[in-house]
Amino acid sequence: MKIQIWSDVMCPFCYIGKRRFEQALAQFEHKDDVEIEWKSFQLNPNLVTDVTLNINQYLADIKGITLDHAKQMNNQVTQMAAEVGLTYDFDKAIVANSFDAHRFAHLAKQNGLGDEAEEALFNAYFTNGQNIADHDTLAELGESIGLDKAEVHHTLAGNKFAINVQQDIAQAQQLGIRGVPFFVMDNKYGVSGAQAVPTFLETLEKAYTEWAETKPTRLDVVEGDSCEVGGDC
């Protein structure tokens, strides 16, 4: 059963949602039958990376609130993250456009490392205060999860995977997804936000039950002499 997850690297609830979903999946009896695909989403596609801008001030500016209020909001999110074992450090976070990070994630996905890439990006942004728009940083992250450093640099130097990012965003728009994280299970059920573990588990079980009823039956084949398409016998 396929589960697609739309997220943005700079979304604090996406990392929390990832952890809660993983906790639900760990309790799910049929987790070995689940295939996860990460999808790109940009909360602020026009954002210009600014290593000098404090993220509390950025939040205050985009929401039109006071700096103290922004700090309080980020402190609350930090506490939520701690409840699922994550360490957020908003004082170190660098305000960065996530487009190239998403291209990097698509390269990783092509190499079977999609989940590893998302984890590395989230940790880099929220915990380590790394610039996820910087190509050298992304190359280092790639190497840490098993990608070739030179390949990461080569990919990011051009426009490779840009169309994939744009297609993910367009698909989200077609589905009416306006915020992330957003989980789509078996193209039937959507879960919006960093929901509680029981909510994820309940939806997993419901989607799986219907998927299992409709999936094609696998043939248990006993091999013998035969002819194949093209005349090979």
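Colleague: Leaving aside neighbours within four places in sequence, what is Ser7 in contact with?

Modeller: Ser7 is in contact with Cys14, Trp38, Lys39, Ser40, Phe41, His102, Glu118, Phe122 and Val180, where contact means heavy atoms within 4.5 Å. This is a predicted model, in which local features need pLDDT of at least 70, side-chain atom pairs count only at pLDDT 80 or more, and totals for chains, interfaces and linings use all residues. Residues are numbered from 1 along each chain as its sequence is written, and side-chain values use heavy atoms, without hydrogens or water.

Colleague: Why does Ser7 count as buried?

Modeller: Buried means under 20% relative accessible area (exposed is over 50%, partly exposed in between; 1.4 Å probe, protein chains only). Ser7 has 1% relative accessibility, so it counts as buried.

Colleague: At what angle do the axes of helix α1 and α3 cross?

Modeller: The axes of α1 (residues 12-27) and α3 come within 10 Å and cross at roughly 15°. Therefore α1 is roughly parallel to α3, a label for angles under 35 degrees (over 145 is roughly antiparallel, 65 to 115 roughly perpendicular, the rest oblique).

Colleague: Which residues meet there, in α1 and in α3?

Modeller: From α1 come Pro12, Phe13, Ile16 and Arg20, which meet Val77, Met80 and Ala81 of α3. Six of the residues in this contact are nonpolar, none is polar and one is charged.

Colleague: And which residues of α2 are buried?

Modeller: In α2 (residues 55-63), the buried ones are Ile55, Asn56, Tyr58, Leu59 and Ala60. Their cover includes α3 (67-83) and α5 (114-127). Just after α2, Gly64 has a positive phi of about 70°.

Definitions and conventions: Helices (H or I, at least four residues) and strands (E, at least two) are DSSP runs, numbered from the N terminus. Axes are lines fitted to C-alpha atoms, for helices over the stretch in contact, and angles run from 0 to 180 degrees between N-to-C directions. Ala, Val, Leu, Ile, Met, Phe, Trp, Tyr, Cys and Pro count as nonpolar, Asp, Glu, Lys and Arg as charged, and the others, Gly among them, as polar.
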